[in-house]
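Q: Could you take a close look at one part of this model for me, the helix packing around a single buried spot, and walk me through how it fits with the rest?

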Amino acid sequence: MKELRIRMLVGVFFIAGVLSWAGARLWNSVGTLPSVPLAAPIVLALIAVVLLSTALSLRARLRAQRERRPGAKGVDPLMAARAVVFGQASALVAALVAGMYGGTGVFLLEILDIPARRDQAFYAGFCVLAGIAVIAAALFLERVCKLPEDDDDNDHPGAQPVA
């Protein structure tokens, strides 16, 4: 399984942001721009909390297992892999959603004199912050579940000696 790349997440964020900004400008010139829902930052924040609590739980269980504490509950490798995949998928979706609401929020900064649009700009800003929290929690979860590096290459059959 490949690690998440920060550059890719930033790229998704900025491409979605630019496309969303352009779409918001176009949509506003044609008709009325749809509102930014209040539930969007709340859902992203809940996903961040789930990812963080999963990461903290797995970290505590892995630490107890490493220290060989009596009664330590082990971590199923398949469950850890599923958690990492969930974290990676959540980070990608959060980068996309945060970019979309970020682009819309940048557009809304131009029309802050309307109170309803000002509230939507705040919601869009909270979406970006919650999206960043999801990405941070997913990266932490991935770091917790990462296997230690194997420094000894001589134990592997077929390994080539270094010249």
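A: Let's fix one term before anything else: contact here means heavy atoms within 4.5 Å. By that yardstick, and not counting residues up to four places away in sequence, serine 90 touches Ile47, Leu51 and Val134. Keep in mind that this is a predicted model.

So where does that serine sit? Serine 90 is part of helix α3. With a relative accessible area of 10%, serine 90 is buried, because buried means under 20%.

Now hop over to one of its partners, valine 134, which is found in helix α4. Valine 134 is buried too, at a relative accessible area of 1%. Leaving aside neighbours within four places in sequence, valine 134 is in contact with Leu44, Ile47, Ala48, Leu51, Ser90, Ala91 and Ala94. Ile47 and Leu51 turn up in the contacts of serine 90 and also in those of valine 134. Another pairing to look at is valine 134 with alanine 45: these are 89 residues apart in sequence, yet 7.1 Å apart in space, C-alpha to C-alpha.

Let's step back to the helices that carry these residues. Helix α2 covers residues 39–66 and helix α4 residues 115–144; the two pack at an angle of about 15°, with their axes 8 Å apart. Angles under 35 degrees count as roughly parallel, so α2 and α4 are roughly parallel to each other. Their crossing is left-handed. As for what lines that contact, α2 with α4 has 23 nonpolar, 2 polar and 1 charged residues.

Next comes the pair that holds serine 90 and valine 134 themselves. The axes of α3 and α4 come within 8 Å and cross at roughly 155°. That makes α3 roughly antiparallel to α4, because the cut-off is over 145 degrees. The crossing of α3 and α4 is left-handed. By class, the α3 contact with α4 has 16 nonpolar, 7 polar and 2 charged residues.

Helix α3 has another partner as well. Helix α1 (residues 6–30) packs with helix α3 (residues 77–108) at an angle of about 35°, their axes 6 Å apart. This crossing, α1 with α3, is right-handed. On the α1 side the contact includes Met8, Phe13, Gly17, Trp21 and Arg25, and on the α3 side it includes Ala91, Ala95, Gly99, Gly103 and Phe107. The residues of that contact divide into 15 nonpolar, 6 polar and 1 charged. Ala91 is a nice link back to our spot: it is among the α3 residues that meet α1, and it is also in contact with valine 134.

How does all this sit in the whole chain? There are 4 helices and 0 strands, so to speak in plain order α-α-α-α from the N terminus on. Of the 163 residues, 33% count as buried. Among contacts with a separation of 6 or more, residues 24 or more positions apart account for 83%, and the valine 134 and alanine 45 pair is 89 residues apart in sequence.

One last check, on the cysteines. Cysteine 127 is buried, with a relative accessible area of 0%, and cysteine 145 counts as buried at 17% relative accessibility. A search of the whole structure nonetheless finds 0 disulfides.

How values were computed:
Residues numbered from 1 in each chain as written. Predicted model: local features only at pLDDT ≥ 70, side-chain atom pairs only at ≥ 80, totals over all residues. Heavy atoms only, no water. Disulfide = S-S within 2.5 Å. Buried < 20%, exposed > 50% of the residue type's maximum accessible area, 1.4 Å probe, protein only. Axes fitted to C-alpha atoms, helices over the stretch in contact; angles between N-to-C directions. Parallel < 35°, antiparallel > 145°, perpendicular 65-115°, else oblique. Left-handed = near helix turned anticlockwise from the far one by under 90°. Nonpolar A, V, L, I, M, F, W, Y, C, P; charged D, E, K, R; others polar.
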